[in-house]
Amino acid sequence: MSRIMTIWLPRWPVQRVLQQQPECRSRPIVLCRQNHRGLLTVTSWGWATPPAETPDRQPRIRPGMSLAEAMAVLAASSGPQACRLAHVVDEDCVGDQQALETLARWCRRFSPVVALGPAIGTAGSDSLHLDVTGTAHFFGGESALARTALWTLAARGLYARVAIADTPTAAWAAARYPERLHASQAQTGGLLTPAAGQYGRWRHRQQRWVVVPPGQQRQLLGSLPLAALRLAPDACETLAEVGVTTVGQLLRLSRVSLRQRFEPEVTLRIAHLLGEAVEPLTFPRGGDLPSATEAFDLPVLSRDLVGDAFARLLRVLVGDCLQPLRAASRGITSLQVRLDGDGRGPTVIDVGLFRPTVEATHLVDLILLRLERIRLAREITAVTVEVVAVAALPCRQQVLFAGPPTAGTAAVDGLLDRLASRLGRSAVIEPRLVADAQPEAAWAAVPIAGRVGLRQARPQAGRQVARRYGHGQRGAAGGSRPTFLLSRPQPLEVLALAPEGPPLRFRWRGQDHRVDRVRGPERIETAWWRGPTVRRDYYIVETASGGRFWLFRGLRRQSWFLHGTYG
Amino acid sequence: MSVATLASHSSAPLSATRLQSLKRLCRVQADASASCSQRLTVSSGLPTLDQLLPHGGLRLGSLVEWLEPPAETGVEAAAGAAAFALAVGVRLQANADLPPGRALVVIDRGGRLYPPAVVPWLEAASAPSSASPSALSPLPSPARSAKVTQRGDRQASQHASQPGHYRQVTPRLFVIRPASDADEIWAIDQALRCAGVAAVVGWPGRVSATVFRRWQLAARSSGVVGLLVRPAAARHEPTWAETRIQVCPARAAATGGTCSVRSPADKASRDKANWIERRACTLVRVGGQWDAVTAVAEPAATCVLDLTDGSECLAGTNGVGQAREQARWRRVACRAS
């Protein structure tokens with residue numbers, strides 16, 4: 001009996017936009033398609049951090065609405081400001097599928113067989129099937145594997161739901177409708193092992209994983225709706241007319257009569273669900289992406305691997321991978337090295353690059369930099385280098401006359417790759433200003449290398465739309481913002497003459513500071529959509545000794561804080 | 001004290017290893033002085049600072065230390081040392097005499113940097129507008145650009161000051177956030193080694209002499225300028241930085257400086273109101289390599305930084321005059337070096 005793990009990525013197109021533009025996390029994202037008459041129709045939408053104060057008034061935007069209608073719904077539920085915040089993008093089905101295929105290759109760390117999930121309507125697939133037959137115990141069991149997959153994806157900023165079952169259809173159904181399984185859990189006496197946890201930044205939602213024990217899908221998936229079988233809408237309607245709304249009711253009907261009365265699709269799906277017929281899996285294209293493996297005859301101690309010999313081995317493997325790519329003038333943007341050990345899951349080294357490259361030495365350097373920080377299993381049985389994503393190499397035209405010496409942007413790219421490899425992806429960032437009044441949210445740290453091997457953001461056709469609906473103002477004027485911002489405002493003892501007046505004296509780090517000049521207040525009252533509203537009066541203060549500080553008075557409790565220094 | 005006198009004073013015959021090490025030292029020193037004289041000098045973008053620097057500007061491939069005021073004043077993190085370092089970094093990144101497209105790297109240990117204060121400077125420095133003096137410096141013609149800042153090449157520098165086409169390059173700022181001291185040292189070293197970087201700004205805490213020397217060699221190998229903000233206690237430590245500048249806050253009103261973006265009509269009223277746009281600091285050169293303690297004369301100057309675009313406010317000049325002043329300083333810098 002095979003075991004299939006399905007990873008479902010809800011609203012995949014929106015998640016992909018967020019991967020490319022993390023600064024849009026606090027804004028509603030609306031993906032649109034333009035029809036031949038120029039009408040914009042919403043195909044998907046999402047809001048990663050919606051207003052916490054209005055959980056019951058979530059905007060009910062459905063795919064197929066016109067953009068104007070969606071904006072009206074958004075304004076009605078979250079206020080007109082939300083409309084101004086909205087980030088409108090053109091949908092890009094091809095890009096979504098390519099990104100999913102890249103993610104599929106990246107998921108080979110969990111299982112060697114990764115396939116794309118079923119396509120839903122015209123939107124393409126948003127799930128992955130992994131064959132985990134006999135490999136789950138490497139990760140400590142099926143539930144541990146599901147949790148590991150969730151954690152690893154969450155660490156990459158991806159929100160997913162995971163289910164493990166006997167067949168792809170059953171696993172997909174369980175991943176897609178886990179809330180319906182919860183009701184059945186009580187009936188089946190806790191045979192299921194569903195768990196709810198909170199991971200990463202998607203705190204307001206619950207990450208769920210489900211393991212359906214072998215051979216029990218008939219009992220446990222009975223309460224799911226018919227849509228879980230991906231039946232055609234008219235078949236669902238016809239079945240609903242005769243009172244069949246759940247999978248369990250459908251399974252109780254005679255298969256022979258179903259075959260006579262409905263399309264063969266219905267019985268086929270039932271067979272797929274129960275594992276009576278083998279369901280074909282769609283594997284990601286790009287199977288031509290090279291990989292190279294070196295399997296040792298006997299397990300090698302990992303402490304022998306570190307050093308010159310290992311570097312040489314890696315160079316050979318990377319060279320093997322690069323050879324076909326170089327001929328096609330493509331370069332590697334993402335690479336993974338798997339070190340298979342004894343009795344546990346493989347150790348995976350991810351290398352994400354800033355620009356595509358075909359330099360073997362550079363890639364090996366990056367791998368070795370990462371290796372310094374990783375604890376290996378005691379014995380290694382095989383080393384695999386696998387290319388996860390490639391991109392066309394930039395073509396540089398030769399110049400006839402030597403122009404001004406341009407600094408090597410390639411040198412900077414190499415530097416960024418090295419820094420990101422050793423310090424971690426999130427330690428190398430490019431700041432991007434965000435139009436937000438709250439000082440903490442006025443900029444976003446965009447990691448520049450290795451975003452799950454997803455491609456870099458490319459110019460979108462929907463930019464005009466975005467400009468029309470998004471707002472383009474930049475951060476506050478220079479001089480009014482400090483050079484250093486404290487990660488958390490520090491409470492201060494402040495003497496002020498009037499209860500609402502400027503500070504006269506304050507005490508910081510055990511020293512009294514007499515205020516010489518003061519500018520303020522600058523009232524910032526915002527972020528109602530992020531939780532408790534921020535209500536502050538900011539003052540720029542210069543002390544008698546010449547230091548310049550940024551203080552604010554919280555209007556909620558009338559207490560003073562230091563938020564930054566003009567260092 | 002030269003090697004020869006050292007050798008003559010020691011009574012015991014020098015062992016072979018000691019002699020070797022002394023010879024090596026000699027060679028290192030000769031290398032250092034030779035490469036010092038060959039390296040290019042560029043304007044730091046702040047005319048007052050240029051005047052203060054020993055060679056009339058910043059030498060490419062050198063380190064500059066910015067000392068905060070002493071801890072007993074209680075304003076060490078709020079005195080403006082980092083603002084000056086960042087301003088110089090931004091000016092270097094936008095410097096028309098250097099190849100375009102170079103990056104500014106900030107090694108931000110502790111995650112303290114607030115980019116909304118710095119990004120407008122970068123944009124102002126790279127955008128060609130009459131308000132920003134650095135943008136007035138034209139891009140030299142391709143054939144001559146390599147020689148513009150060469151020592152004594154006055155003709156080339158005069159050609160370079162002709163009105164020409166302006167560069168438009170998107171400014172690149174990268175912020176690196178190392179989690180440990182070892183990572184910070186490594187990151188600064190790597191950034192200093194990369195020729196595509198214009199300047200590296202960092203605020204390392206304790207730095208051993210070995211590490212400092214490594215940074216200096218790294219900077220020299222690539223021509224990157226390292227701008228290190230150090231606590232005041234570092235003044236009594238040996239340094240491999242070429243220049244060490246103590247930053248002390250001064251009153252902006254006392255200097256009477258005016259900002260570049262100012263029409264004469266409402267100058268007086270704005271002067272009073274807009275003190276937040278300016279930052280006046282006294283810059284004191286407290287000796288450079290090895291002579292931090294024994295330095296006798298400490299040249300000082302007051303520099304007023306325009307916090308709206310990270311340039312310097314020059315006293316009693318409007319925008320055009322300031323640009324002219326800047327051009328004059330550039331020429332002076334070239335001649336002096």
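**Close-ups of chains A and B**

**View 1. Chain A on its own.** Chain A has 17 helices and 22 strands. Keep in mind that this is a predicted model. Out of 567 residues in chain A, 40% count as buried. Look at contacts in this chain between residues at least 6 apart in sequence, and 64% of them turn out to join residues at least 24 apart.

**View 2. Where chain A meets chain B.** Chain A puts 50 residues into the contact and chain B puts in 53. On the chain B side, helix 4 (81–93), helix 5 (119–126), strand 5 (172–176) and helix 8 (181–193) each chip in at least two residues. That side of chain B splits into 37 nonpolar, nine polar and seven charged residues.

**View 3. Strands paired across the chains.** Here strand 14 of chain A (residues 428–433) runs antiparallel to strand 5 of chain B, and two bridges join them. Zoom in on A:Val428 and you'll find its bridge partner in strand 5 of chain B, B:Ile176.

**View 4. Around B:Ile176.** Setting aside neighbours within four places in sequence, B:Ile176 is in contact with A:Leu419, A:Leu423, A:Ala427 and A:Val428 from chain A. From chain B, its contacts are B:Val105, B:Val106, B:Ile107, B:Asp108 and B:Ala187.

**View 5. The nonpolar cores.** The largest nonpolar core holds 192 residues, and B:Trp66, B:Ile176 and B:Val200 touch the most other members. Helix 4 of chain B gives the most to this core, handing over ten residues. There's also a second, separate core of 25 residues, with A:Val30, A:Trp47, A:Ala48 and A:Val89 among them.

Technical notes. Residues numbered from 1 in each chain as written. Chains lettered and ligands numbered in written order. Predicted model: local features only at pLDDT ≥ 70, side-chain atom pairs only at ≥ 80, totals over all residues. Contact = placed C-beta atoms within 7 Å. Helix = DSSP H or I, 4+ residues; strand = E, 2+ residues; numbered from the N terminus. Nonpolar A, V, L, I, M, F, W, Y, C, P; charged D, E, K, R; others polar. Pairing = 2+ DSSP bridges. Buried ≥ 20, exposed ≤ 12 C-beta atoms within 10 Å, placed from the backbone. Core = buried A, V, L, I, M, F, W, Y, C linked by C-beta atoms within 7 Å.
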